[in-house]
Amino acid sequence: MPTHLARSRAPFSASAAFRLGFRPFRCPARSRQLLTVSATRATERSERTASAVSTAERTVHPSNPPGSRPLPPLYISKHGLEVLEDPVYNYGAAHSAEERRKLKLGSYLPSAVHDLRTQVDRAYKQLQQRQEIAELGDAEEQASLMQYTFLRSLKDQNQVLFYALLQESLKETLKIIYTPVVGDSIINFSRLFRRPDGIFLSYPSYAEEVQSRGRDAGRQYIRNALTHYGELGPNDVDLLVATDGEGILGIGDWGVGGINICIGKSSIYTLGAGIDPNRTLSIALDVGTNNMQLREDPLYLGWSHDRITGEEYDNFVDDYVHVAASIFPHSLLHFEDFGNANALRLLNRYKDQVACFNDDVQGTGAVALAAVMSVCKVKNEYLNDQTYVVFGAGTAGLGITNRIRDALCTREGMTKEEANKRFYLIDREGLLTKSMQGLREGQAEFARDESEVSSWSKSVDTEGFSLLDVVKNAKPTILIGVSGQHGTFNEQVVKEMCKHCKRPAIFPLSNPSRLSEGVPAQISEWSNGKALMATGSPFDPVDILGKERKYIVAESNNAMFYPALGLGVVVAKANRVSDALIVAGVEALASLSPALKDPEDALLPDLHDVRNISMKVAAAVVRAAQQEGTAQAKGLPETLEGLEEYIRDRAWEPLYRELRPKS
Ligand SMILES: NC(=O)c1ccc[n+]([C@@H]2O[C@H](COP(=O)([O-])OP(=O)(O)OC[C@H]3O[C@@H](n4cnc5c(N)ncnc54)[C@H](O)[C@@H]3O)[C@@H](O)[C@H]2O)c1
Ligand SMILES: O=C(O)C[C@H](O)C(=O)O
Ligand SMILES: [Mg+2]
């Protein structure tokens, strides 16, 4: 072993393990599970969920950390290799002596029994080795991908260990399973592919059914795929995270590889909010790809065909939405990274029909509003004291603009027309103005009248007003970037902002990191440490000239919000995701901002603390659903404190459950 591996980084401290989330079990009086499965459909798969089994008996698996909560045993019909090949039942070296005997595992495992803590320690070292090998060869991207594939393979082997490792080392692993590294994994999907995870709904297979046997047969194809050919029943799934792969992060169309963003988002539902990983489905809607690099790649695993559009696309998505909502009536449909011709359009079509949520529109808007509310607290100002420039008027840009605009109306009493005037939206052609051709859905109401800008100066002779022109003329106090255009928040733009605003808020929110509109260290330098910042991907804290303390750059990523919103919707069994639910969640999130206590601190809570934050935000969401009457769940506590405790006690945790043979 190379010496650098032997003297690895700070040794992983076993005692530090499990500091997140592992709490002694309480509340036996209310130990009925949150998400019950009808006894008649209790298939082995549905029994996997702790919440799925109604039994008085609870035990602590001997390999779990001391003091972990007791959980119902799992009765399984598998034995021997079948157990070890299933990531839900395979505990590897952590199988107890009794399990080894009763499930006939003995000869497949070396004799030592190691507890979960030791397994996490071992897995962490394996992960670190991949990082160190790369640092030697200056191959950061390959190292990240090696770490990504390692973690995905761990997920395929032992689900509890995967989540226990992530939970323990969230700071290092979040950026691998999520942005930025997940973006590289998507680009390389067909090269890295080992075994499937998630569900692939392929348009050509669907269309073949429709053509030969009619639309119902197409729907049946979708039903079979989503239920694993009938294995899953109506109460077995809480969440479906789907993408059509057209607008992945800021990197565009990556076809069927988009499944990895759904898998990443699903994992964060579990890590960030304790949603049971066995009750979520990640789904790729394979409707083709217009990415010629993929189409020409013989290894590409999706449908090598132009993306379908128009009625064909709409019918396929419509059948997906309605089949999913009818077979899993209490589930939430999460849309991720659809292209901008479809994201808002589909959300508007379905938001009043089923419980659905577009993360890029609504999740992004929610977190950005919470960050803007923090800015106002720091500056002791109101939302309506601000002038907003949104650079990139696409899915996320419109989601953010609408959310802040609505807050101006509901919190500060402005009319919609007055509030719209606070925003300057910029897209490829420059500032959106009313005379522009081809404004997309949602853009027109924010486009400015020509008369308002006719006296503006232009720095270059272009048709539209550039970002710099808009900053010079409109004098914004808040600048938000969701354009995917790296480096556009340059020195000139930042310095221009500082000319008219003492503490400008500058949020380069594009992902992954390499597409961020600006780099916090530079923005800080150009603004003499005055800029209040938030980014979409993680960046290191920055030095502030003349100050000892570093400035922590808030991560304004929708991951700060959507796990809690999803949890709230699932717990409440809300049949719609209304604005009231989102607003309640935003208020709760904003109230937890570190900057509220200390104006020099971060604008948002640390994403690594998402689990704790989510419990509070989810409680607020459930409460709002109860108040507006969309909550279908019965017997929930009525107070925020009660709800928070209820949710915490039922959150899925990476703990082993005792395995027993089904008699
Ligand atoms: N931080 C977060 O939580 C979060 C959430 C969603 C999206 N995002 C990021 O925001 C970016 C955009 O995502 P989206 O889903 O809105 O994509 P999108 O394609 O819908 O929107 C991008 C918009 O930017 C515009 N644009 C492109 N080049 C431009 C230029 N030179 N000047 C001005 N505008 C330009 C496009 O025309 C488009 O309207 C991505 O990088 C994505 O990762 C961040
Ligand atoms: O996935 C993320 O990191 C955030 C967001 O949904 C995006 O598309 O960039
Ligand atoms: Mg997204």
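**Helix α11 and what follows**

I began at the end of helix α11, where G214 comes next and has a positive phi, near 100°. I keep in mind throughout that this is a predicted model. Going back into α11, which spans residues 203-213, I listed its buried residues as Y203, Y206 and V210. Looking down the axis of α11, I found these buried residues within an arc of 70°, so they line one face of the helix. On the face turned away from that buried side I noted the exposed residues Q211, S212 and R213. I then looked up the partners of the buried residues, and they pack against the strands β2 (199-202) and β4 (280-286) and against the helices α12 (215-226) and α15 (310-327).

**R130, α6 and α8**

I looked up R130 next and found it in helix α5, residues 116-137. Is R130 buried or exposed? I count it as buried, because 20 other C-beta atoms lie within 10 Å and the cut-off for a buried residue is 20 or more. Leaving out residues up to four places away in sequence, R130 touches A143, M146, Q147 and F150. For the pair R130 and M146 I noted a separation of 16 residues in sequence and a C-alpha to C-alpha distance of 6.4 Å.

I went on to helix α6 (residues 140-157) and helix α8 (residues 170-177), whose axes come within 9 Å and cross at roughly 95°. That crossing makes α6 roughly perpendicular to α8. From α6 the contact uses S144, Q147, Y148 and L151, which meet T173, I176 and I177 of α8. Sorted by class, the residues of this contact are 4 nonpolar and 3 polar, with no charged residue. Q147 thus appears in my notes twice, as a residue touched by R130 and as part of the α6 contact with α8.

**The two ligands**

Which residues are closest to ligand 1? Of the 29 residues that surround ligand 1, the closest are G250, N340, G394, S510 and G536. The elements giving two or more residues to this shell are α17 (359-379), α18 (395-412) and β8 (423-427). By class I recorded 9 nonpolar, 17 polar and 3 charged residues around ligand 1.

Around ligand 2 I listed T179, L249, D337, D359, D360, N511, G536, N557 and N558. This shell divides into 1 nonpolar, 5 polar and 3 charged residues. G536 is therefore a residue that I entered for both ligands, being among the closest to ligand 1 and also in the shell of ligand 2.

**Backbone details**

I checked the peptide bonds and found a cis bond joining T179 and P180, with omega about 10°, and P180 lies in the loop between α8 and α9 (181-187). A cis bond also joins N511 and P512, where omega is about -10°, and P512 sits in the loop between β11 (505-508) and α23 (520-526). T179 and N511 are both entered above among the residues around ligand 2.

D337, which I had also listed around ligand 2, has a positive phi of about 55° although it is not a glycine. I placed D337 in the loop between β5 (332-335) and α16 (343-350), and I call it buried because 27 other C-beta atoms lie within 10 Å.

My last entry is K573, which is not a glycine yet has a positive phi of about 50°. K573 lies in the loop between α24 (562-572) and α25 (579-590) and is buried, with 22 other C-beta atoms within 10 Å.

Terms used:
Residues numbered from 1 in each chain as written. Chains lettered and ligands numbered in written order. Predicted model: local features only at pLDDT ≥ 70, side-chain atom pairs only at ≥ 80, totals over all residues. Buried ≥ 20, exposed ≤ 12 C-beta atoms within 10 Å, placed from the backbone. Helix = DSSP H or I, 4+ residues; strand = E, 2+ residues; numbered from the N terminus. Arc of directions from axis to C-beta. Contact = placed C-beta atoms within 7 Å. Near = placed C-beta within 6 Å. Nonpolar A, V, L, I, M, F, W, Y, C, P; charged D, E, K, R; others polar. Axes fitted to C-alpha atoms, helices over the stretch in contact; angles between N-to-C directions. Parallel < 35°, antiparallel > 145°, perpendicular 65-115°, else oblique.
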